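Hi,

Here is the model I promised to pass on. Have a look at it first, and then read on for what turned up when I went through it.

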Amino acid sequence: MLKLFFKAQDLEEKDSFQIFNHSGKPAYYTKDDFIATGHRIKLFMNETITEVAYVQEKQVRNKTKFEFCARGDFGTVERTRDFTGRPSYAVDYSNKWLVAGDGLNWNYTVKMGSLNIMKVEKMPYLIPGQALNITDTVVITVFNDSDALISLAFCLAVYALNRYSYNY
């Protein structure tokens, strides 16, 4: 099981922020790409210029989707409504992921059948090894270490979808 952290206030004004590992050391960082058509967020390994994943906005039939990609695996996510009218997410990915919870408020789980893929929570939390300031932190728990990058890319896609998509 792997845990990744980033500070929630870093998301409020920019798409560039650091993602920390379980010991509080920077593991990845993101940069927004102004040159791309639509919104694009690139994910890099810390202290390198090696891009390991990305999230890209796609417009399809008046709907906004975000493509997420890591190591050649990719899928899309779009916001829809469930049978009660609440916002939900339609994921088109080879592993048939289902999202349960509130993606708008960073409180959801992703499952493949009965198998947990990841859990995302926003809570007051002190990132291990960081300065002594407890702040709202997004905690991503990935249950299989090999799913870490694609899970992180998916998380960023849900974030971008909620931030930049106004239709659903």
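**Strand 12 and its partners**

Let me start with one pair: Lys 122 stands opposite Val 138, which sits in strand 12. Before going further, a reminder that this is a predicted model, so please read everything below as computed from it.

Lys 122 is on one side of Val 138, and the other strand to look at is strand 1. Phe 6 has Val 138 as its bridge partner in strand 12, and Phe 5 is bridged to Val 139 there. Taken as whole strands, strand 1 (residues 2-7) and strand 12 (residues 135-142) are antiparallel, with six bridges between them. Strand 11 (residues 115-125) also runs antiparallel to strand 12, and eight bridges join the two.

How covered are these strands? In strand 12, seven of the eight residues are buried. Strand 1 is mostly covered as well, with five of its six residues buried.

**The core**

The largest nonpolar core has 44 residues, and those with the most contacts inside it are Leu 43, Phe 68, Val 77, Trp 97, Ile 140 and Phe 154. Helix 1 (residues 148-164) gives the largest share of this core, 14 residues.

Leu 43 is worth clicking on. Leaving out residues up to four places away in sequence, Leu 43 touches Leu 149, Leu 152 and Leu 156, among others. Its contacts also include Ile 19, Tyr 28, Tyr 29 and Thr 30, as well as Thr 50, Glu 51, Val 52 and Ala 53.

On the cysteines: how many disulfides does the model have? The count comes to zero. Two cysteines I looked up are both covered: Cys 69 has a relative accessibility of 12%, under the 20% cut-off, and therefore counts as buried. Cys 155 is buried too, with a relative accessible area of 1%.

**The pocket and Ser 88**

The largest pocket holds about 190 Å³ of space. Its lining is made up of Asp 82, Arg 86, Pro 87, Ser 88, Tyr 89, Val 99, Gly 101, Asp 102, Gly 103 and Leu 104. Two elements give two or more residues to that lining, namely strand 8 and strand 9 (98-102).

Ser 88, one of the lining residues, lies in strand 8 (residues 87-92). Is Ser 88 buried or exposed? Its relative accessible area is 18%, which is under 20%, so Ser 88 is buried. Apart from neighbours within four places in sequence, Ser 88 is in contact with Glu 78, Arg 79, Thr 80, Arg 81 and Asp 82. Asp 82 is thus on two lists: it touches Ser 88 and it lines the pocket.

**Two backbone oddities**

Most residues other than glycine have a negative phi. Here are two that go the other way.

- Arg 71 has a positive phi of about 50° without being a glycine. It is in the loop between strand 6 (63-70) and strand 7 (73-81). With a relative accessible area of 70%, over the 50% cut-off, Arg 71 is therefore exposed.
- Trp 106 is not a glycine either, and has a positive phi of about 55°. It is found in the loop between strand 9 and strand 10 (107-112). Trp 106 has 9% relative accessibility, which is under 20%, so it counts as buried.

So which of the two is buried and which is exposed? Trp 106 is buried, whereas Arg 71 is exposed.

Cheers

How values were computed. Residues are numbered from 1 along each chain as its sequence is written. This is a predicted model: local features need pLDDT of at least 70, side-chain atom pairs count only at pLDDT 80 or more; totals for chains, interfaces and linings use all residues. Side-chain values use heavy atoms; hydrogens and water are left out. A nonpolar core is a set of buried Ala, Val, Leu, Ile, Met, Phe, Trp, Tyr and Cys residues joined through side-chain atoms within 4.5 Å. Buried means under 20% relative accessible area, exposed over 50%, partly exposed in between (1.4 Å probe, protein chains only). Helices (H or I, at least four residues) and strands (E, at least two) are DSSP runs, numbered from the N terminus. Contact means heavy atoms within 4.5 Å. A disulfide is a pair of cysteine sulfur atoms within 2.5 Å. Two strands pair if DSSP finds at least two bridges between them. On a 1 Å grid over the protein atoms alone, a cavity is a set of points where a 1.4 Å probe fits but cannot get out, and a pocket is an open set with protein on both sides within 12 Å along at least five of seven lines; lining residues have an atom within 4 Å of a point. Grid points are joined across faces, edges and corners, and a volume is the space filled by probe spheres set on the points.
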